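Trainee: Got a minute to go through this one with me?
Mentor: Yes. Put it up and ask.

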Amino acid sequence: MPDLEASSSLDFIRVRVAEDVRANKNDGRVHTRFPPEPNGYLHIGHAKSICLNFGVAAENNGLCNLRFDDTNPSKETVEFEESIKTDVHWLGFDWDDRLYYASDYFRKLYEYAVQLVKDGKAYVDSLTADEIREHRGTLTEAGRESPYRNRPVGENLHLFERMRAGEFEDGTHVLRAKIDMASPNVNMRDPVLFRIMHVTHYRAGTQWVIYPMYDYAHPISDALEGITHSLCTLEFEDHRPLYDWFLDNLPVPYRPVQIEFARLNLSYTVLSKRKLLTLVHEGHVKGWDDPRMPTLSGLRRRGYTPEAIRNFCDAIGVAKRDAVVDVAQLEHAIRDDLNRRSSRVMAVLRPLRVVIENYPEGQTEELDAVNNPEDASAGTRKVPFSKVLYIERDDFRQDPPKQFFRLAPGREVRLRYAYFITCKEVVKDASGDIVELRCTYDPATRGGDSPDGRSPKATLHWVSAAHAVPAEVRLYDRLFNEERPADDAPINPSSLELLASCQVEPSLKNAKPGDRFQFERQGYFCVDLDSKPDALVFNRTVTLRDTWAKIEKKNLKRGGNSGTGH
RNA sequence: UGGGGCGUGGCCAAGUGGUAAGGCACAGGUCUUUGGAACCUGUAUUCGGAGGUUCGAAUCCUCCCGCCCCAGCCA
């Protein structure tokens with residue numbers, strides 16, 4: 001059912017589809033398709049297309065096919081196909097039994113081509129690739145016709161059949177549509193339909209040595225599947241006349257319409273398949289699912305949820321103008337989702353030892369902690385407290401700058417769900433580094449409230465040294481430092497920071513890969529695939545919004561000395 | 001200098017002749033046992049520019065400017 005109420009405004013594609021439905025075009029049927037080439041992993045840009053195609057179909061009681069555009073066997077693999085299926089499912093969409101392949105249409109595509117030849121609308125050209133390029137002309141000059149352009153139909157038929165039979169070497173002949181070498185639209189200057197490639201196709205094997213070009217295969221595939229609206233990106237706008245030409249000149253069973261929209265660009269991110277492939281192949285990242293990658297597998301491993309990605313796609317909209325979406329928009333989507341659903345937990349990333357001098361030696365208390373303040377049904381848990389704790393090094397300053405509310409010599413702060421503590425002494429090692437804080441606690445503040453109503457300005461997270469579980473935490477930052485990285489842009493050298501000696505609360509002991517948490521006051525984290533029961537590994541999905549970091553940055557910029565000590 | 005598109009606040013994005021939605025970001029504030037979340041408030045006299053039509057234009061017309069895509073036997 002069209003969800004007209006919920007969306008205050010429809011994008012131009014949905015408006016058009018709605019008009020078609022209202023006009024009862026295609027009998028009111030809506031059928032789309034998501035047509036990836038299995039030559040790489042899906043990324044966030046594909047998510048936009050997936051959400052659009054499956055979304056438009058669903059909103060109109062229609063269907064969306066998954067179709068692999070596997071017309072170039074030199075780049076395509078099963079690994080890529082499998083990853084794509086996994087990712088589309090993970091994103092939350094399903095094609096049921098409508099899994100198609102352009103390669104399944106090779107026979108039909110060949111027969112249609114024969115028809116074109118018979119109709120005098122296609123011919124076998126025996127020019128070399130270079131010669132074809134020379135004949136194509138330039139953007140401002142018309143092309144020239146190939147000397148083979150007027151080969152008799154019979155000869156074309158015979159040659160094309162021999163191409164198919166594998167009698168020729170790669171590059172010796174090609175089948176071309178006979179359209180118009182003088183067209184101002186270069187795509188119409190006798191485009192290539194089939195080329196010879198003695199390459200094994202990952203699905204079709206060695207059945208074929210000629211393979212169809214995208215421009216030829218796509219409209220026919222759409223027609224064969226009864227696609228009503230063929231949605232693609234802007235760079236194919238120039239191809240639409242060609243798309244229509246094939247539908248006009250072939251006895252196809254259906255008449256789809258191609259509509260183009262702007263592809264997604266994200267700031268500080270690269271989304272070209274070629275560049276992503278390079279990052280993987282040259283080892284700049286650890287693989288397609290490296291948590292820094294904008295691939296769906298990377299985002300998944302990083303801890304992103306399908307809901308967040310769908311919400312993001314929803315928020316950015318669909319239009320025709322080139323746009324660069326601020327990556328902050330993506331981060332907002334994941335924070336928004338995780339805030340509602342993830343359990344809070346305490347984890348100390350850079351531990352600083354704290355000894356509570358007036359706390360009884362050997363005593364342990366179990367304190368109540370809320371699992372999710374956004375969701376009462378998430379309940380509470382017990383957190384152990386004892387004499388020796390760890391707090392975050394960043395939560396203490398020998399000389400606290402203005403506006404720094406956390407712990408400092410002589411200052412009292414609250415330990416979340418525990419007690420108020422006051423810093424009495426700073427212990428340093430021979431080189432002057434702080435190694436321990438000696439503090440006292442106020443027994444009357446158990447749980448975090450004081451009977452006299454005083455309330456410290458800061459609440460710190462902590463962990464009991466004797467009970468904490470060691471863990472490794474991987475902090476990620478943007479992969480590129482430039483807002484619009486060039487194709488040869490170097491990656492951000494600090495895009496990955498590995499923290500090997502973190503201490504997390506004991507409730508995390510049995511966390512499993514994929515589990516997500518909010519580490520209070522720090523961010524959202526998920527258990528990495530590399531994690532083992534006795535060697536926990538967490539990925540930071542995204543930080544929490546950090547007002548203090550903002551103040552600090554502002555002070556730094558102002559040239560002011562914030563007195564940080566770092 | 002051929003063709004095809006696109007230009008609305010810092011970033012997205014509605015609006016299609018009746019006097020500029022919404023989201024993100026940003027800035028204040030309320031609240032707070034996360035400097036989180038939530039909530040409130042503020043932010044385009046103006047829609048790439050200049051003319052014109054009209055009682056009235058981001059929306060119609062003219063001219064100009066800018067940006068993107070196309071010369072793979074890639075998709």
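Mentor: One term before you start: helices here are DSSP runs of H or I with at least four residues, numbered from the N terminus. Also, this is a predicted model.
Trainee: Okay. Which helix gives the largest share of the lining of the largest cavity?
Mentor: Helix H7, residues 214–224, with four residues.
Trainee: And which residues line that cavity?
Mentor: The lining consists of Tyr-214, Asp-215, His-218, Pro-219, His-239, Tyr-243 and Gln-258. By class that is three nonpolar, three polar and one charged.
Trainee: What volume does the largest cavity have?
Mentor: About 40 Å³. The count of cavities of 30 Å³ or more is one.
Trainee: Switching to the RNA. Which residues come nearest to strand B?
Mentor: Arg-344, Gln-403, Arg-406, Arg-416 and Gly-447, out of 67 residues around RNA strand B. On the RNA side, sugar and phosphate make up 63% of the strand B atoms that come within 4 Å of the protein.
Trainee: How do the residues of that surface divide by class?
Mentor: Into 26 nonpolar, 18 polar and 23 charged.
Trainee: What lies 2.7 Å from a phosphate oxygen of RNA strand B?
Mentor: A polar side-chain atom of Thr-547. As for backbone atoms, an N or O of Leu-127 is 3.0 Å from a base nitrogen of RNA strand B, and a polar one of Asp-326 is 3.2 Å from a sugar or linking oxygen of the RNA strand.
Trainee: Which elements give two or more residues to the surface near RNA strand B?
Mentor: Helix H5 (129–135), strand S6 (192–196), helix H12 (327–341) and helix H13 (547–557).

Notes: Residues numbered from 1 in each chain as written. Chains lettered and ligands numbered in written order. Predicted model: local features only at pLDDT ≥ 70, side-chain atom pairs only at ≥ 80, totals over all residues. Heavy atoms only, no water. Near = heavy atom within 4 Å. Polar contact = N/O pair within 3.5 Å; in protein donor to acceptor, adjacent residues only side chain to side chain. Nonpolar A, V, L, I, M, F, W, Y, C, P; charged D, E, K, R; others polar. 1 Å grid on protein atoms, 1.4 Å probe; cavity = no way out; pocket = protein on both sides within 12 Å on 5 of 7 lines; lining within 4 Å. Points joined across faces, edges and corners; volume = space filled by probe spheres on them.
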